[in-house]
Amino acid sequence: MRITVSVIKADVGSVGGHLQPSPALRQTIANVVRDEGAPFLIDHRVGSFGDDVFILMTHTRGLNDETVHHLAWEAFLRGTACAKREGLYGAGQDLLKDAFSGNVRGMGPAVAELEFEERTAEPFVLFGADKTEPGAYNLPLYLAFADPMFCSGLLLSSKIKKGFTFRILDVAHAEADRFIDLQTPEDLYDLAALLRDNERFVVASIHSRATGDIAAAVSTTRLHNIAGKYTGKDDPVALVRTQQNFPATGEVLAPYRLCHYVGGFMRGSHTGPLMPVRAGTGVSFFDGPPIVTALAFSMSGGNLTQPVDAFDHPFWDHVRTRAAEKAITIREQGFSGNAMLPQSELEYGGIVEILDALEPRFRIAGAMVDAPSHELVAAGAR
Ligand code: F6R
Ligand code: MG
Ligand code: MG
C-alpha cells in the first residue's frame, strides 16, 4: 500500500515566554485534526517539541496535498485563537501569510513528508528540534547514513553498502529551490564540504541507491527568508525510515550522543549543543539549550502505533549531562567569538544598528587623527 507520512509543525504560542505550548492549545489543534481530518486521514498524532506543536498524519493523497496542508493550516489558526485567548506569548508567530494558497510550504510552518510503498513492517523515527536550524540534522544524518563508525550496516549489509543519494538544498537561495544530489560513498568529501556549513546547505532528503526508496526527509524552512526579519529559529522536523535496507533505529540515534554545537539557543543568535531529550521537554537555560526529540513509530496500512520515546533511556541521561556541560562551557564566553553567531545569522537587528551608529566615529590612522579622541577634544580638534 502506498502511504504518505506528513509532519507539519508550527510555533503558534507558548506559556511563560518561548518555552512550551499550553495543554489547551495542543488539545485545540488535536480536536481540529481529529474532526476535520476524519474523512481523509488514516491516522494522526499531535504533540509538541519545545514550543512547537507538530501534527503527524498518514494518508494516501501524496506529497504537498492541498487538503492535508489546509487541515494543518486551519488547525494552527484555531490554535492561534486559543493562544490569544489564553494570553500565550508569540500567538500565531509562525503563521507568516494571511491567506492559505494551496500548500503550507513558504507560509511559516515546517513540513517533512515521505511517500512510499509500505513495507510489511514499517518502522520510522520522527525527530523534532527546538531553538535551532534545519542544518542541525546535517551531521547526525551524514554519520548515520555515510560513516561506518556510526552505521556498521555500511559494512555488514550489501544493500546499505551501495550507499545513499543525499539531496542538499542551498537555503540561502530564497527565490527558488536550489539543490544538488550527491552520492555516497564516492561524493563523501564533497558532501562533507557542503554539510560543514549548517546555515547554508541542508540535507533535504536521502534515498537508498540499492532500491531507490526514500529514506529520510527534513523540513528546510528558513523563516527569515519568508518574513525578511526575525521570527524565531526554524526548529526543524525530520522523518527517517529505519531497518532492513536503511540504517537501524539505533544507528540513526547514535550520532546524537555527540551533542554537536548548532546555531540557535538564546535569541536564535548563539551556538549551543544539541541535547537529546524526552518527549514533552521544554527549554530553560538561556531559552535552551537547543533540544531534539525522537519518537519511534511502527505502522500498518497507515495506522500508527503509539510512539516509543527513543531518548527516554538511562544512556541518554549521561549524554544530557554532557550536553549541559557543553552548554555551560560555551555560555561562559557570552557574546565573544564563536559563542554568538556571525552577523548574517543573528536573529535580531541590534548589532547592525550599533555598527551603523558607530560607522561615522571610525577614523583612518594618520598624522593628526592618531591621537585618542579625548585628546583631540582637549586640543579643540573635534
Ligand atoms: C529563540 C527564542 C527565544 C527568544 C527570546 C526573546 O529562538 O525564541 O530565545 O528570542 O526569548 O524573545 P522576544 O524577542 O520575543 O522577547
Ligand atoms: Mg518560539
Ligand atoms: Mg520553537
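## Glu345 and its neighbours

Glu345 is in contact with Glu133, Glu199, Arg222, Lys233 and Gly268, leaving aside its neighbours within four places in sequence. This is a predicted model. Glu345 sits in the loop between helix H9 (314–331) and helix H10 (350–358). Is Glu345 buried or exposed? Its relative accessibility is 6%, so Glu345 counts as buried.

## The two magnesium ions

Two residues coordinate the magnesium ion (ligand 2): Asp11 (OD) and Asp51 (OD). The distances are 2.0 to 2.2 Å. Asp11 lies in the loop between strand S1 (2–10) and helix H1 (23–37). Asp51 lies in the loop between strand S2 (43–49) and strand S3 (52–59). The pair therefore ties together parts that are 40 residues apart in sequence. Asp11 and Asp51 are both buried.

Which residues are the protein donors of the magnesium ion (ligand 3)? They are Asp51 (OD), Asp52 (OD), Asp130 (OD) and Asp235 (OD), at 2.0 to 2.3 Å from the ion. Their spacing in sequence reads D-D-x77-D-x104-D. Asp52 and Asp235 link distant parts of the chain, 183 residues apart. Asp52 belongs to strand S3, while Asp235 is in the loop between helix H7 (223–227) and strand S10 (237–241). Asp52 and Asp235 are buried too. Asp51 bridges the magnesium ion (ligand 2) and the magnesium ion (ligand 3). The two ions lie 3.6 Å apart.

## The surroundings of ligand 1

Eleven residues surround ligand 1. The closest are His18, Tyr89, Arg267, Asp287 and Tyr348. By class, the shell has five nonpolar, two polar and four charged residues.

Three side chains place polar atoms by oxygen atoms of ligand 1. For His18, a polar side-chain atom lies 3.0 Å from an oxygen atom of the ligand. For Tyr89, an N or O atom in the side chain is 2.8 Å from an oxygen atom of ligand 1. For Asp287, the distance from a polar side-chain atom to an oxygen atom of the ligand is 2.5 Å. Taken alone, ligand 1 exposes 420 Å², and the protein buries 81% of that.

## Ser6 in strand S1

Ser6 is part of strand S1. Its relative accessible area is 0%, so Ser6 is buried. The side chain of Ser6 makes a polar contact with the side chain of His59, at 2.9 Å.

What else does Ser6 touch? Not counting residues up to four places away in sequence, Ser6 touches Ile55, Leu56, Met57, His59, Val68, Ala112 and Glu113.

## Helix H3 and Glu251

Helix H3 covers residues 138–146. Why is H3 described as largely enclosed by the rest of the structure? Because eight of its nine residues are buried. The buried residues are Asn138, Pro140, Leu141, Tyr142, Leu143, Ala144, Phe145 and Ala146.

One of these, Ala144, is touched by Glu251. Glu251 lies in helix H8 (residues 249–253). Glu251 also touches Phe150, Cys151, Ser152 and Gly153, not counting residues up to four places away in sequence. The side chain of Glu251 reaches the backbone nitrogen of Ser152 at 3.2 Å. Glu251 has a relative accessible area of 15% and is buried. Its C-alpha atom is separated by 25 Å from that of Ala110, which is 141 residues apart from Glu251 along the chain.

## Backbone exceptions

Most residues other than glycine have a negative phi, and most peptide bonds are trans. Some places in this model depart from that. The peptide bond from Thr184 to Pro185 is cis, with omega near 5°. Pro185 is in the loop between strand S7 (179–183) and helix H6 (188–195). The bond from Gly288 to Pro289 is also cis, with omega near -10°. Pro289 is found in the loop between strand S13 (275–276) and strand S14 (291–297).

Phe265 is not a glycine, yet its phi is positive, at about 60°. Arg267 is not a glycine either, and has a positive phi of about 55°. Phe265 lies in the loop between strand S11 (261–264) and strand S12 (270–273). Arg267 is placed in the loop between S11 and S12. Phe265 counts as buried at 2% relative accessibility, whereas Arg267 is partly exposed at 46%. Arg267 is among the closest residues to ligand 1.

Terms used. Residues are numbered from 1 along each chain as its sequence is written. Chains are lettered from A and ligands numbered from 1 in the order in which they are written. This is a predicted model: local features need pLDDT of at least 70, side-chain atom pairs count only at pLDDT 80 or more; totals for chains, interfaces and linings use all residues. Side-chain values use heavy atoms; hydrogens and water are left out. Donors are N, O and S atoms within 2.8 Å of the metal (3.2 Å for Na, K and Ca); water is not among the atoms, so sites may look incomplete. Helices (H or I, at least four residues) and strands (E, at least two) are DSSP runs, numbered from the N terminus. Buried means under 20% relative accessible area, exposed over 50%, partly exposed in between (1.4 Å probe, protein chains only). A residue is near a molecule or strand if one of its heavy atoms lies within 4 Å of it. A polar contact is a pair of N or O atoms within 3.5 Å; within protein, one must be able to donate a hydrogen and the other to accept it, and residues adjacent in sequence count only if both atoms are side-chain atoms. Accessible areas come from the Shrake-Rupley method with a 1.4 Å probe; for residues, only the protein chains shown count as cover. Ala, Val, Leu, Ile, Met, Phe, Trp, Tyr, Cys and Pro count as nonpolar, Asp, Glu, Lys and Arg as charged, and the others, Gly among them, as polar. Contact means heavy atoms within 4.5 Å.
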